[in-house]
Each structure stands twice: as C-alpha cells, then as structure tokens.
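Trainee: I am new to this structure. Please take me closely through its charged pairs, and then show me what else is worth finding.

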Amino acid sequence: MYAQSCFHCGEKVAPADLDPPRYPVSYRQQVQATCCAGCQAVAQTILAAGLDSYYTQRDKPAERAAPLPDELLQQMQLYDAPELQASFVKAEPGEVREAALILEGISCAACIWLNERQIGRLPGVLAVSINYTSHRARVRWDNRRVQLSQILAAVAAIGYRAHPYDAERQDALHQQERRRALTRLWVAGLSMMQVMMLAYPVYVAEPGEISATWLGLLNWGSLLLTLPVVLYACQTFHQGFWRDLRRWRVGMDAPVVIGVWAAFLASCLATMTGRGEVYFDSVSMFVFLLLGGRYLEGMARRKAGAAAESLVKLIPAFAHRLDNYPASRQSQETPVASLKLADILLVKPGEPYPADAEVLEGQGSADEALLTGEARPVVKAVGDAVIGGAINLDAPLIVRVSHLGQETRLAAIVRLLDQALAEKPALAQLADRIAGWFVLALLLVAAAAYLFWHWHDPAHALPITVAVLVISCPCALSLATPAALTAATGRLARAGLLVTRGHALETLAKVSDVVFDKTGTLTFGQPRLLATLAFGTQRETELQALAALLEAASEHPIALALRTASAPAELAVSDYRNYPGGGVEAAVGGQRLRLGRPDFVAEFCVAPRPAALADWQAEHTVVCLASEQAWLGAFALGDQIKPDAQALLAALPGLRTHVLSGDALGPVQAVAQQLGIAELRAAALPADKLAYVQALQAEGRRVLMVGDGINDAPVLAAADVSVAVGGGAEAAQAAGDLVLVGNLAVLAEGWRVAAQTQRIIRQNLLWALGYNLVALPLALVGWVTPWLASLGMAGSSLLVVLNAIRLAGPSRQAQKQRE
C-alpha cells in the first residue's frame, strides 16, 4: 500500500497515479510515490547523491517542483516520430538508438555532472556523455523502454533545455551567450570605473578631511552603482549557485556568490549606519575580473574544440537533386534533411558533398583534409566513393547517395570524437573529485578565517574572508585536464587519427613496444604483381598481357592483381575452364594455356619445372603460365608495403617494434627485413596473437597494438592501447582506442602529441595546485585584497586554458605538406 501524499513535497497524489505509482522513487529498498515528474526528478537526484538522510532530518516537506508546461511536453513528444528522428538519430540493432543533443544552460563542470546523472538514471538509457567544450550530449537508449521525449523532459525538469543538435542553432546559441557575456562584462566594467571614481577621494584624503555628510553621499552613490553588478552582472554565478543548492550540492559558484553578497551586504549595512568600511569598489572590480576571465576562458575553450565543431558543419544545408536523371539534367534545390538513399545529386565545383555517395558521371578531385588528414586532393572517377563533407574541387560530378544522416562516415567520426571528449581519464576524474571536496573545505576555511579575524581585528575580517573565498576557487584544477585533452583530440582529428577512448592519449605516451599486424596495416592487404620471370623468348609485358586475358572473367584477388598490372592481349579465347583452388585453362591463339599454382600447372605441362621457382615460392605467392609443351613464365605476387610505413618506423625512436601476422613465415620475414623490424611472429592464430601481447605485458612492457580491426579484435582489446587502421563507416565499429583514417605516418604525430599532452596536463595540475597552496595562505594573513584575489583566480583559470591551446597548433605533417 502506497502513501497517498507525495514523498518529496507532501501534496496529495491522485488515486490513478498510486497503484502502481506513476512517478516512483526507490528509497531505502522501498518504492515511494511522488505527485509529478518534477518531484520525482528532484528526489532521485537527492538520493543518488547519497543525501537520503535529508528526508529523515527535514522539518517540513520540500516545495513542489514546478511541472513542465503541457505545451513544452507536447513539443518534446514530436521528437518521438521516426521521420523526424531520421536526420539526427542512429538506429542500431535491438531497438537501440543514439542521438546527438545540444544542452542549453551549461555554465560549469558541475552542470555536466548533474545532467549526466539525471539522464543516466532513466530506465532504458544505456549511456550518456556530455562534451563540456561544445555542450553536445551523446545519448544511447533502448527505444522499447524509454522515448526521446522522456529524456528531453528529464533534462527540462532540472532547469536545462535539450534539443537535437543543429549546427546553425548551436552557432546562434554561442552568439547569444557571447552577447550576454559581453553585456554583463560591460555593465560590471562601467560600474567599476564609476565606483572607483567615487572611492578615489576616500583613499587619498587624510582621516577626517571628508565630512561625514559627503562621505555618506559617496557611499550611497557607490551602492547604487554597484546594484547592477550584483543583481545583473552576477546572474551567471547566481544561476549556477541556485541550481547546485536545489540539488544539495556545493559547486564552484558558491564561493563567488557568498563572497560577493557578504561584501555587498556588509557595505550596505555600513552605508546605512555610518559605521564600518565599505567594499563596493572591491565588489565591482572582482566581478568584472571574474567575468572577464570567464569570457576569455570560454573563447579559448571553444578554440580548443574547434576541430570537432568544424567537422559537424561540413555537411551543407541544401543539395542539387536530379529527379529525372538520366533523361534530364535539370537540378532542384532540396534540403539535405529530405534526401533519400539512391537519390541522384549534382555536386558543383567548390561545393561539399551532401552525403556519402558513389560517382556516376564525371571525374574530378576532392579535398578530404578535414576528414582523413590527407592534404593532397584525392582523384574521384566513375565508381569511386565520395565522403559527405569533402569538397569537390574542380569539376561537376553526378553522384548517387549511398549513406545518409547518422550512417555516413562523417557522422561516425563525430561520434568517435564525442565519445573521446566525454570520456574522462583517471587523472581528470581524480581532479574533479578533489575539486568538489576542495570547495567544501574552502568554505570551512573561510568561515574559520572570519571567526579568527573577527576576534582579533574585526575591521579586516570581511575583506580577508572574501579574498579567501575568491582566490582559491578550484576552476583551474577542473579545467587542467579537459582543456588539454580537447585541444589534443582536435589536433589529431585534423591529422587523421581519431581518439575514441578517454585513456588513449595518457597510455599512448607511456608505451614501450609497438606491435604491428602485417596485412592491411604495414601492407595494403591486397595481392599485387611484384615481378615477372620469363622462361622462354616472350617478353615480360607479353606474358602479363596473356595472364590478364586468361583472368578476364575471374573475380579472385589474384586475378584482379594480374588484370591491374596489364591490359589483356587482343587474342581470341575459347574453351575456357576454371579450376577452383588451382587456376584457369583456355585455348588462346591456337594453343592451350594454363595459368595457376605451380603444382596445378606442373600436372598440365610435360616439361620439367624450372629450378628458379623454388626461390620465389619461399618468399612470394607464385602463379605460373605454361603451354602443354613448355613453361612460359611465372608471376610473383605479394602484398606491397605501404610507402609511409618506413617513415613511421623512423619516427618512433626508442620504441621496440614487432610484426605479428597470421601469414606464412616467408612473406612476414620479407616485410620485417625491408622495414628493419627485428621481432616477428608468423602463422599466428588470433589466440597466438593474444598470447604474444600478454607475454610482453607480463615482462612489464606497455604495448601499443596496431591492426586493421577486422580479425584482430581480441588482441586490440588486450593491448594497453590500440589503433584500428581502417576507413569508412566500419572504422566506427573498430575495437581500437584510436582509429586511423589518415595515412600510417600520422601515428608518429599521435605519439608526439600524446607525450606533449601529458606534459601540459602535469604543468596545468602543478600550476593549479601550487597556485592554491601559495594563494590561500597569503589571503589568510591579509596580504591579498578581494580585487587582487579575483584577478588571481581568473588569471589562474585562463593560464591553464591558454597553456592547453598550445596543443591545438598545426601538426608537423601538415606543416611539411604546406612546405
């Protein structure tokens, strides 16, 4: 039997909402009923924060949480429609959905924590992560258990606003926030200048030189000029403080608000009674300095996250659709959101591709630098795939849409970036925990300082307390790691290396061994013709043309390699026979020829096998061509080494390198010798690869595994940090901690940036901790005034962010390509 009054506010619960409770709350292993979604959200937040004792110690029920307006709820329910979700929600197997949302009202790291807890508590929500830099949330949920409208309503219930991510709307919000911040800064700055003009005579006059009447007028003038600062310019601090207070938390805005109001109210009391000191000039000055520091910090933070934001904006708003192709080439301007699979589009020079597509007509080049890190234009011809967001450079192309919305390669890259920026490494989590306790300790220290100075020197009690509250705010401590990770992640994304796990950069900087898979990683993963050996009088080019002719109808990878090497001979072919696992046979130009494995050809040709084949077979895949009477030639095929593999290995000084492959010893040894890699293991099954990496780890080595992410999933997961080499949408499903979408040499840049990131994070943390250790004692002994304290706190946070921005500079590879 459930209580008929709301567990949170005490108001009556409608009988229809009682059995079972429509808005249940689990409290001490019992289910309690609440009267509305607002009370349910507030109660769940209090209980999840470990403050369940609130409901036993309070002396009266809490005020009822304001219910959401019906109009707003109806608007949110529209987002449950599948046709509306098609443009921003990714559908996964099992009714799982994933969406990018933008949050309004975020002002500090505490807001991120509160929203993540609120959304994550909903039944059916599988994962939620919020990027502090862009305020973009990535949410995954089970559509059978919870609807998107319920997620949006849960965010609105705690005073924030969530809606589907839209780049234009995000820009508009940034501009709106910027204008508000500048207006507050302008109000605080103007007030500060005027108040300082009124305070200046008091500072320079001798005691008793200004009469009490004029002194009172100066103080009243300062009070009136400071009112806009306290009531308007401080609004952003008040909102954050009030939100934290309603959730029974102590956030980073608490010391600022308490300090401002303590100084302001004490000054008001001194003005009204004519006794005591006034601090209106200090209040206006340190609010101005705090707002200025926060404004500059926000600009720097957005610059650090510019890479991810620039990716989101690559897709254009409109496309040129050809509705009657090929009968008509007349295009129609169509919103990208309304495109469908297989639509035919015209992409003009200088325009971005609206979606992933296949070229049907035309030839040109594409700029894919922001997507893959490849600075050189990529040639696109009929049949080639183009990436949505890449720029068509020099010729009009007609393309057919192959992937849309959340299925595109660009969407996959953005999801990986969101995931990386939202995941916090252990160092960042520790800093956040320290910051939360630090604020509480700071308030206690400030209270103790006030009591001490009030007992010994009452005149200095208030300014010292305010200075203590302001100077040691742990903003710099909370920003130290996220700012550096955001800048580094954006820099590597531009180079073509996507960080997908929060710990990746931290671990990458500490690796001692790099283990490479061979096929698809160090090599292209496709057979290519490496050499041709003629046994008779025919030239190598003639033998290659004959081989291409015999393989003209085959789709085998070896056949493709032979066809790619040469145009087929212009001879008549008859009586074509295919022998699976052996090769092909046909009558060509009046004689029967056989092409295939040496053993298969030896059964056909009466002549003895050439001795030179033995050496070739030890290192390569060999295909032979023969007539019934004579061996004509042989073709050595192998997997060609990527041209940037050598550059990568040369740029990894001090790291031990290994080749770990399932291929035969000969090809693996040949690749290792060409690249100068001493450690190798061939013919390794997935279990053998896993055991190899685990053996290295047992020796105390930190292992970086580089594989293609297809058959290397177990060993990629077991390595300390892993890189999945791949492209397309498949890269998003890779098991790696990093995904390489650019060329192989970018890994060296990743290793350098990871090491630099760790140095900057350590510098930031040491600065933040050292600053507080020095500043707090100075404030306690009265050597720091309130305005100087605000300058120190704002400068400390800004310095941390500016130090992190150094990571966002251009990569070495990009600099070399420009040169």
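Mentor: Start with one term. A salt bridge is a side-chain nitrogen of Lys or Arg within 4 Å of a carboxyl oxygen of Asp or Glu. The model is predicted, so local features need pLDDT of at least 70 and side-chain atom pairs count only at pLDDT 80 or more, while totals for chains, interfaces and linings use all residues. Residues are numbered from 1 along each chain as its sequence is written, and side-chain values use heavy atoms, with hydrogens and water left out.

The structure holds 22 salt bridges. One of them joins R656 to D513, with the closest N and O atoms 2.8 Å apart. R656 sits in strand β25 (residues 656-660) and D513 in strand β18 (residues 513-516), so this pair ties together parts that are 143 residues apart in sequence. Strands (E, at least two residues) and helices (H or I, at least four) are DSSP runs, numbered from the N terminus.

How covered are the two partners? Here you need cut-offs: buried means under 20% relative accessible area, exposed means over 50%, and partly exposed lies in between, with a 1.4 Å probe and protein chains only. D513 is buried, at 0%. R656 is partly exposed, at 31%.

Now look at R592 and D575. Their side chains meet in a salt bridge, 2.8 Å from N to O. R592 is in strand β22 (residues 591-596) and D575 in strand β20 (residues 573-579), and the pair links distant parts of the chain, 17 residues apart. In this pair the arginine R592 is buried, at 18% relative accessibility. D575 is partly exposed, at 40%. Both belong to a network of salt bridges that links D575, R577, E585, R592 and R594.

Next comes D599 with R609. Their closest N and O atoms are 2.9 Å apart, and they form a salt bridge. D599 lies in helix α22 (residues 598-602) and R609 in the loop between α22 and α23 (613-619), so the pair ties together parts ten residues apart in sequence. D599 is partly exposed, with a relative accessible area of 39%. R609 is partly exposed too, at 38%.

What does D644 lack, although it is buried? D644 has no salt bridge. The nearest side chain of opposite charge is K642, 6.2 Å away. For charge, Lys and Arg count as positive and Asp and Glu as negative; His and the chain ends are not counted. D644 is placed in the loop between β24 (631-641) and α24 (645-650). Leaving out residues up to four places away in sequence, D644 touches N743, L744 and A745. Contact here means heavy atoms within 4.5 Å.

Another buried aspartate is D142, at 10% relative accessibility. D142 is found in strand β6 (residues 136-142). Beyond its neighbours within four places in sequence, D142 is in contact with G94, E95, G124 and L126. The C-alpha atoms of D142 and E95 are separated by 5.9 Å, although their positions lie 47 residues apart along the chain.

Away from the charges, try S365 in strand β12 (residues 364-367). S365 is buried, at 9%. Its contacts beyond four places in sequence include P377, V379, I391 and L393.

Then the helices. In α25 (residues 665-675), the buried residues are G666, V668, A670, V671, A672 and L675. After α25 comes G676, whose phi is positive, near 75 degrees. Helix α28 (residues 746-780) has 35 residues. Its expected span is 1.5 Å times one less than its number of residues. That gives 51 Å, and the end C-alpha atoms are 50 Å apart, which agrees. G782 follows α28 and also has a positive phi, near 90 degrees.

Finish at the surface. L773, V774, L778, V781 and W783 form a nonpolar patch there, with about 550 Å² of accessible area together. Patches are made of residues with over 30% relative accessible area and no salt bridge; like charges are joined within 9 Å, and nonpolar side chains (Val, Leu, Ile, Met, Phe, Trp, Tyr) within 5 Å. Accessible areas come from the Shrake-Rupley method with a 1.4 Å probe, and for residues only the protein chains shown count as cover. W783 lies in the loop between α28 and α29 (786-805). W783 is exposed, at 66%.
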